[in-house]
Amino acid sequence: MKNIFIDKEIKYTGAELSPHWIYRNFNVQGSAIAAFIGPVKVDLGEMVDIEDVINNEPISSDMMLNFIIEDFDVSLAHMVSNQRLFICIIKEVLEEYGLKIKRNGDDLFYDGRKLSVSIATKSLTSSLVHTALNIVKTGAPVEISSLDEMGVSDIKEFALKVLNRFTSEIEDMNFAKSKVRGV
């Protein structure tokens with residue numbers, strides 16, 4: 001698993017959650033995770049989460065830290081497990097800042113308010129995850145929490161910690177699969 005932090009602002013619309021987006025746009029081939037900062041506005045027509053579409057709950061925020069994970073070697077069920085692992089890693093890193101974070105499934109909460117959005121899906125060639133954390137508390141259709149209010153000021157540094165920890169965990173899991181003999 002490779003990782004990349006993209007040092008330019010990108011508006012997330014939902015179209016970025018597509019096969020080979022990281023490769024086509026940033027020349028990182030194969031299974032990878034990318035992080036970038038930008039506003040989020042996902043209209044219902046681009047929503048992958050059918051429950052959110054049925055409930056008429058589009059996603060928007062004035063500024064978020066976005067992560068896209070693409071893996072060519074796993075099923076959707078495996079990717080949902082990796083999504084939950086990723087959320088737990090984000091929670092661990094935030095707790096290292098001295099913050100009290102709650103997790104419910106693939107959602108993170110601070111002070112009773114939602115911090116994150118996350119979805120896992122499957123394409124014809126890969127499994128994909130989009131996870132995003134609010135950087136600011138504006139632009140969302142509901143009251144949210146944000147990295148800014150939590151005192152996480154160096155977003156790139158935080159993102160790199162998360163990227164490196166997730167990549168290391170996936171590589172360690174791959175090693176664990178290959179070091180045992182069958183019984």
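This passage describes the overall build of the protein chain and then turns to a handful of its residues. The model discussed here is a predicted one.

The protein chain contains four helices and eight strands. Read from the N terminus, these elements follow the order β-α-β-α-β-α-β-β-β-β-β-α. With a radius of gyration of 16 Å, close to the 16 Å that the globule rule gives for 183 residues, the protein chain is as compact as a globular protein of that length. The C-alpha trace extends over about 50 × 40 × 30 Å along its principal axes.

It is helpful to look next at how the chain packs. Buried residues make up 46% of the 183 in the protein chain. Among contacts with a separation of 6 or more, 69% join residues that are 24 or more positions apart. The accessible surface amounts to about 9,300 Å², and carbon and sulfur atoms contribute 49% of that area. As for charge, the protein chain carries 20 positive and 27 negative side chains, and the centres of these two sets are 5 Å apart.

Three buried residues offer a closer view of the interior. The first to consider is S145, which sits in the loop between strand 8 (127-134) and helix 4 (155-178). Although S145 belongs to a loop, its relative accessibility is 0%, so S145 counts as buried. A polar atom of the S145 side chain lies 3.1 Å from the backbone oxygen of R113. R113 also appears among the residues in contact with S145 once neighbours within four places in sequence are left aside; the others are Y110, K114, L115, N134 and K137.

M79 belongs to helix 3, which covers residues 76-96. This methionine has a relative accessible area of 0% and is therefore buried. Beyond residues up to four places away in sequence, M79 touches I69, E70, D71 and V74, together with S127, L128 and V129. S127, L128 and V129 in this list fall within strand 8 (127-134). By contrast, the C-alpha atoms of M79 and K11 are separated by 24 Å, the two residues being 68 apart along the chain.

Strand 8 is also home to H130. Here the relative accessible area is 4%, under the 20% limit, so H130 is buried as well. The H130 side chain makes a polar contact of 2.8 Å with the side chain of N66. N66 is one of the residues that H130 touches when those up to four places away in sequence are not counted. The remaining partners of H130 are Y12, L17, F67, I68, V117, S118 and I119.

Two loop residues draw attention through their backbone geometry. N27 is not a glycine, yet its phi is positive, at about 55 degrees. This asparagine is located in the loop between helix 1 (21-26) and strand 2 (32-42). N27 has 65% relative accessibility and so counts as exposed. D111, likewise a residue other than glycine, has a positive phi near 55 degrees. Its position is in the loop between strand 5 (107-110) and strand 6 (113-114). The relative accessibility of D111 is 59%, and D111 therefore counts as exposed.

Taken together, the residues examined include the buried S145, M79 and H130, alongside the exposed N27 and D111.

Technical notes
Residues numbered from 1 in each chain as written. Predicted model: local features only at pLDDT ≥ 70, side-chain atom pairs only at ≥ 80, totals over all residues. Heavy atoms only, no water. Rg over C-alpha atoms; globule rule 2.2 N^0.38 Å. Buried < 20%, exposed > 50% of the residue type's maximum accessible area, 1.4 Å probe, protein only. Contact = heavy atoms within 4.5 Å. Areas by Shrake-Rupley, 256 points an atom, 1.4 Å probe, with all protein chains shown as cover. Lys, Arg positive; Asp, Glu negative; His and termini not counted. Charge placed at Lys NZ, Arg CZ, Asp CG, Glu CD. Polar contact = N/O pair within 3.5 Å; in protein donor to acceptor, adjacent residues only side chain to side chain.
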